Amino acid sequence: MTDYLFSRHPLENFLVISAALFVLGVYTIITRRNAVSILMGVELVLNAANVNFVAFSQYMPGAGIHGSMFSIFVILLAAAEAAVALAIVIGIYQNFGRVDVDQADLMKE
Amino acid sequence: MPISEILLNFFFYLFAATAVGGGAAVAFSRNIVRSAFALLAVLFSVAAMYAFARADFIVAAQILIYVGGILVLIIFAVMLTHKITDVKVSNESSPGLASACACVCLFVLLILTFVYAHPWERGAKPTPATMPAAEGRPPLAVDLSMTQGDGRTGAPAGATVLDGFARLHVATRAPLKGVSAARFRIQRYAPDASKKSGTWKEHRPDDPKKLLVKVADDGEEGRSALIDLERLPEGRYRWGVRFEDEAGETGWAEFGARGEGLEADFIAEKGLTKALGRAFMGPYLLAFEVVSVLLLAALVGAAYLARKEVKE
């Protein structure tokens with residue numbers, strides 16, 4: 001049992017948690033109808049990827065800082081993506097009165 | 001197991017459970033406001049994960065940008081697009097038996113890859129060195145291979161040792177007679193207060209006898225010695241090895257040059273934040289500038305999209 005502890009196998013523990021977060025995010029994206037919920041699923045997936053980047057960067061011997069660097073870029077791009085996506089969500093709400101992605105099926109009124 | 005290790009594991013699994021439980025709440029909660037606040041728990045726990053990986057700067061960035069920015073935006077959008085009173089219809093999900101099956105399969109596939117296949121692992125590259133001649137013994141060419149991460153991932157002999165497990169394997173290049181034991185010497189780099197320079201200090205494990213190991217006879221391939229070092233503190237190390245027996249001893253063969261793995265050494269000695277700052281202003285300068293322009297464009301675009309339509 002102690003062989004699988006975090007202090008013995010840090011990298012594998014991080015990977016399992018990030019796999020769980022990734023799968024929950026994917027499930028959220030494919031089952032939700034609400035656009036904001038889908039965005040939350042995307043955030044989960046991005047966080048899972050980020051955990052992997054940081055874990056590999058810190059626990060691979062001689063990996064350097066490139067993984068950590070990439071995770072910062074991912075966080076910044078997630079911020080840009082969230083801002084634009086939520087602006088679109090608000091636009092859909094103004095036009096359709098709700099934000100379900102299967103109902104917003106018009107490019108232009 | 002020392003108490004510090006027990007506490008480390010306890011808190012890691014506490015935050016891991018919060019992260020996965022919060023993720024499950026985001027995925028399965030029928031109330032979108034609850035989903036949004038569960039996402040808050042997930043983002044904080046992921047910040048704690050980064051802290052466990054000793055990535056301090058990324059913890060700060062995660063809390064400032066994700067929790068302080070993105071999550072506030074999401075909660076803002078939830079509040080704007082729903083009447084807060086009608087929470088029941090706010091978070092429908094399509095019946096997801098097929099998608100649940102697909103997700104479970106994906107999870108199992110990922111776990112099998114991580115836990116059993118280790119596709120990122122690679123063997124150790126041997127570092128050559130010479131044992132100087134002594135007492136009638138000619139100089140002897142030897143190779144040292146170092147593995148870390150519970151003895152599976154190879155690293156050059158000069159790389160920074162991560163907090164944990166390192167295995168050293170020393171092999172001669174030619175068959176050899178007459179040696180039975182090998183002695184290892186471990187020196188750890190101790191930076192001085194200003195961190196500009198430092199000294200190499202002898203590192204002694206709890207049991208000094210551990211440094212003397214038996215030499216295995218590999219026949220035609222030569223002789224080899226293996227030492228497992230558990231829970232070495234993180235840092236830069238120099239390794240020495242010599243053969244010794246009743247007849248005498250050879251000179252020390254030295255491994256762990258200064259030039260290898262310099263970037264990793266910089267992180268170990270000066271901290272991640274300083275290393276990231278250097279990288280931002282160095283090799284990543286162009287990417288940094290592109291991202292800053294992209295953020296500006298996203299800000300302008302978001303403001304344009306979200307503004308009220310002015311009817312002419």
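Modeller: A residue is buried if 20 or more other C-beta atoms lie within 10 Å of its own, exposed if 12 or fewer do, and partly exposed in between, with C-beta atoms placed from the backbone. The model discussed here is predicted: local features need pLDDT (the predictor's confidence in each residue, from 0 to 100) of at least 70, side-chain atom pairs count only at pLDDT 80 or more, and totals for chains, interfaces and linings use all residues. Residues are numbered from 1 along each chain as its sequence is written, while chains are lettered from A and ligands numbered from 1 in the order in which they are written.

Colleague: Why is R54(B) called partly exposed?

Modeller: R54(B) has 19 other C-beta atoms within 10 Å. Buried requires 20 or more and exposed 12 or fewer, so R54(B) is partly exposed.

Colleague: Where does R54(B) lie, and what is its phi?

Modeller: R54(B) is placed in the loop between α2 and α3 of chain B. Helices (H or I, at least four residues) and strands (E, at least two) are DSSP runs, numbered from the N terminus. The phi of R54(B) is near 60 degrees, a positive value in a residue other than glycine.

Colleague: What span does α3(B) have against the expected one?

Modeller: The expected span of a helix is 1.5 Å times one less than its number of residues. With 26 residues, α3(B) is expected to cover 38 Å, and its 36 Å from first C-alpha to last is close to that value.

Colleague: What makes Y66(B) the centre of a kink in α3(B)?

Modeller: The bend at a residue is the angle between axes fitted to the seven residues ending there and the seven starting there. In α3(B), the kink centred on Y66(B) comes to about 30 degrees. Y66(B) also counts among the buried residues of α3(B), which include I58(B), I70(B) and T81(B). The buried residues of this helix pack against α2 (35-59) and α3 (66-96) of chain A, together with α2 of chain B.

Colleague: How do you know that chain B touches chain A?

Modeller: Two residues are in contact if their C-beta atoms, placed from the backbone, lie within 7 Å. By that rule, 81 residues of chain B are in contact with 63 residues of chain A. The largest share of the side of chain B that touches chain A comes from α3(B), with 13 residues. That side has 59 nonpolar, 17 polar and five charged residues, where Ala, Val, Leu, Ile, Met, Phe, Trp, Tyr, Cys and Pro count as nonpolar, Asp, Glu, Lys and Arg as charged, and the others, Gly among them, as polar.

Colleague: How does the radius of gyration of chain A stand against that of a compact globule?

Modeller: The radius is taken over C-alpha atoms, and the globule rule is 2.2 Å times the number of residues to the power 0.38. For 109 residues the rule gives a value near 13 Å, but chain A has 18 Å. Its C-alpha trace spans about 60 × 30 × 15 Å along the principal axes. Chain A has three helices and zero strands, and buried residues make up 56% of the chain.

Colleague: What confidence do the two chains carry?

Modeller: Chain A averages a pLDDT of 87, with 95% of its residues scoring at least 70. Chain B has a mean of 81, and 87% of its residues reach 70 or more. Among the elements of chain B, α5(B) has the lowest mean, 61, and α2(B) the highest, 93. The model scores ipTM 0.93 and pTM 0.81.
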